[in-house]
Amino acid sequence: MAARGLQRSVRVSLTRQQMFTFAHRPQTLQRIALGAAADGKLEALMHEALAETSRFEEYSEQVVNWSGELYHCKNVKLGYKVAQLDLSSPSDMRAPGAAWGLFALESAMDELAWKLRMDPLELRLKNYAEKDLNTGKKFSSKELRECYRQGAERFGWSRRTPAPGSMREGESLIGWGMATAFGRRGKCPEVRKRY
């Protein structure tokens with residue numbers, strides 16, 4: 001708003017604590033659906049999000065596009081809508097929308113692995129993407145497969161038992177899970193519509 005009033009660019013530097021005094025990450029409603037063959041190969045992926053913005057400033061954050069590039073799937077539908085509300089504008093919170101979108105996607109992948117009775121890491125490796133399916137371009141570098149291997153080895157993934165509540169350390173229940181995250185920024189291929 002200062003830039004609009006001054007009719008010129010304005011730069012503001014804030015500490016993380018100061019960011020939370022006036023800004024917030026937009027609330028989102030997300031819907032994800034995954035379809036897979038019995039062997040775990042993804043056959044369909046749908047990820048839609050509805051996010052808030054203010055009435056006086058359109059703000060949108062990349063949320064669903066990560067689902068189109070993280071796992072190999074030929075049938076992908078991504079959708080993003082913005083609802084203008086009587087609220088202050090959301091803002092960048094030192095991390096891309098991957099924080100919201102990947103949490104939803106990875107939760108769905110874990111649920112799919114459980115339904116298929118498949119190891120969550122094996123499911124992710126089976127659907128490993130060698131290129132960005134949003135653009136069709138090969139990644140210039142990607143070491144995720146090696147990262148999975150090293151992480152599983154160092155963490156002792158092979159000793160994990162998948163049934164909920166089956167692992168204990170003394171009287172404490174121990175849960176082991178896995179998720180993939182990345183934070184590259186780029187042009188978003190999302191479809192934007194207003195309510």
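**Exercise 1. Lay out the fold of this predicted model.** In which order do the elements run from the N terminus on?

Solution.
- Read from the N terminus, the order is α-α-β-β-α-β-α-α-α-β-β-β.
- The tally is six helices and six strands.
- The C-alpha trace spans about 60 × 45 × 35 Å along its principal axes.
- Take contacts with a separation of 6 or more: 72% of them join residues 24 or more positions apart.
- Of the 195 residues, 35% are buried.

**Exercise 2. Describe helix α4.** What does α4 reach from its first C-alpha to its last, and against which elements do its buried residues pack?

Solution.
- Helix α4 covers residues 98–116, 19 residues in total.
- Its reach is 26 Å, close to the 27 Å expected at 1.5 Å a residue.
- Now list the buried positions: A98, G101, L102, A104, L105, E106, A108, M109, L112 and A113.
- An α-helix has 3.6 residues a turn, so residues three or four places apart point the same way.
- The partners of the buried residues are β1 (28–36), β2 (42–54), α3 (67–70) and α5 (120–126).
- Just past the helix, R117 has a positive phi of about 55 degrees.

**Exercise 3. Decide where to trust the coordinates.** Where is confidence lowest, and where is it highest?

Solution.
- Start with the whole protein: mean pLDDT is 85, and 91% of residues reach 70 or more.
- Strand β1 has the highest confidence, at 96.
- Strand β6 (residues 192–194) has the lowest, at a mean of 33.
- Over residues 185–195, pLDDT stays under 50.
- The model still has 30 contacts beyond four places in sequence for residues 185–195.
- Where pLDDT is low, the predicted coordinates should not be read in detail.

Definitions and conventions. Residues are numbered from 1 along each chain as its sequence is written. This is a predicted model: local features need pLDDT of at least 70, side-chain atom pairs count only at pLDDT 80 or more; totals for chains, interfaces and linings use all residues. Side-chain values use heavy atoms; hydrogens and water are left out. Helices (H or I, at least four residues) and strands (E, at least two) are DSSP runs, numbered from the N terminus. The expected span of a helix is 1.5 Å times one less than its number of residues. Buried means under 20% relative accessible area, exposed over 50%, partly exposed in between (1.4 Å probe, protein chains only). Contact means heavy atoms within 4.5 Å. pLDDT is the predictor's confidence in each residue, from 0 to 100.
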